[in-house]
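Biologist: Could you pick one part of this model and take me through it slowly? I'd like to know how the pieces there fit together, and I'm only in my first year, so plain words please.

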Amino acid sequence: MHPYDVRASDLDRERVVEFLKAHYADGRLQHEELAWRTDAAYRAVGLSELDRLTADLPARVAPRRRRPFPLVPTVLLCALVVTLLVVVPPEAWLALFFVAAIVGLVAFLFVAPIAVPMLLLAWIVHLIVRATRPRPRRVGWR
């Protein structure tokens with residue numbers, strides 16, 4: 001054991017055993033190897049011993065949990081839209097549509113010659129940075 005090695009807790013050992021069981025379920029470990037590694041995990045004293053038991057296994061990425069759709073803001077937005085559709089006369093909607101179309105066209109004519117090349121340049125820079133960034137390989141249980 002190295003002098004700088006940290007002692008493993010019972011929780012660390014249990015996490016490693018769960019990690020090994022998950023890889024056994026995925027078919028990466030045989031039953032005998034799972035039994036051997038589980039026994040070694042429970043006998044491990046330091047974290048480095050647990051790391052050696054899982055060094056050849058890829059880190060499992062937990063699936064991201066989707067956030068529930070916010071119900072209250074959605075209901076309020078729908079109620080606002082229905083209220084506006086009922087209260088505001090159709091002529092006002094038509095006038096608002098034409099004003100918005102003219103403002104959008106003018107904004108497009110003035111902004112597009114600047115924004116489109118800037119977006120294209122930013123996309124190219126993003127691709128270059130992404131291609132040159134080193135990708136760390138996650139291995140082990142931590």
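Modeller: One bit of vocabulary before we start: a residue is called buried if its relative accessible area is under 20%, exposed if it is over 50%, and partly exposed if it falls in between. Also keep in mind that this is a predicted model. Let's look at helix α3 and the helices around it.

Helix α3 covers residues 47-54, and its buried residues are L47, S48, L50, L53 and T54. What do they pack against? The buried residues of α3 sit against α1 and α2, so let's take those two partners in turn.

Start with α1, residues 10-26. The axes of α1 and α3 are 11 Å apart, at an angle of about 0 degrees. Anything under 35 degrees counts as roughly parallel, so that is the label for α1 and α3. On the α1 side, the contact uses D12, R13, V16, F19 and L20, while α3 brings L47, L50, L53 and T54. Sort that contact by class and you get six nonpolar, one polar and two charged residues.

Now swing round to α2. Its axis is 9 Å from that of α3, and the angle is about 170 degrees. The cut-off for roughly antiparallel is over 145 degrees, so α2 and α3 earn that name. Here W36, R37, A40 and A41 of α2 meet L50, L53 and T54 of α3. The classes in this contact are five nonpolar, one polar and one charged.

In soluble globular proteins, nonpolar side chains tend to be buried together. In this model, the largest nonpolar core has 15 residues, and V16, L20, A41, L50 and W141 have the most contacts inside it. Helices α1, α2 and α3 are the elements that each give two or more residues to this core, with α1 supplying the largest share, four residues.

One of those core residues, L20, is worth a stop. Skipping neighbours within four places in sequence, L20 touches L29, L34, R37, T38, L53, T54 and L57. Did you spot the arginine in that list? R37 belongs to helix α2 and is buried, with a relative accessible area of 6%. Among the contacts of R37 are L20, L53, T54 and D56.

So what is R37 doing with D56? Side chains of opposite charge can pair when their charged atoms come close. R37 and D56 make a salt bridge, with their closest N and O atoms 2.8 Å apart. D56 sits in the loop between α3 and α4, so this pair ties together parts that are 19 residues apart in sequence. D56 itself is partly exposed, at 49% relative accessibility. E33 joins in too: E33, R37 and D56 are linked in a network of salt bridges.

For contrast, look at D26 and R28, whose salt bridge has its closest N and O atoms 3.3 Å apart. R28 is partly exposed at 44%, and D26 is also partly exposed, at 45%.

Definitions and conventions: Residues are numbered from 1 along each chain as its sequence is written. This is a predicted model: local features need pLDDT of at least 70, side-chain atom pairs count only at pLDDT 80 or more; totals for chains, interfaces and linings use all residues. Side-chain values use heavy atoms; hydrogens and water are left out. Axes are lines fitted to C-alpha atoms, for helices over the stretch in contact, and angles run from 0 to 180 degrees between N-to-C directions. Angles under 35 degrees count as roughly parallel, over 145 as roughly antiparallel, 65 to 115 as roughly perpendicular and the rest as oblique. Contact means heavy atoms within 4.5 Å. Ala, Val, Leu, Ile, Met, Phe, Trp, Tyr, Cys and Pro count as nonpolar, Asp, Glu, Lys and Arg as charged, and the others, Gly among them, as polar. A nonpolar core is a set of buried Ala, Val, Leu, Ile, Met, Phe, Trp, Tyr and Cys residues joined through side-chain atoms within 4.5 Å. Buried means under 20% relative accessible area, exposed over 50%, partly exposed in between (1.4 Å probe, protein chains only). A salt bridge is a side-chain nitrogen of Lys or Arg within 4 Å of a carboxyl oxygen of Asp or Glu.
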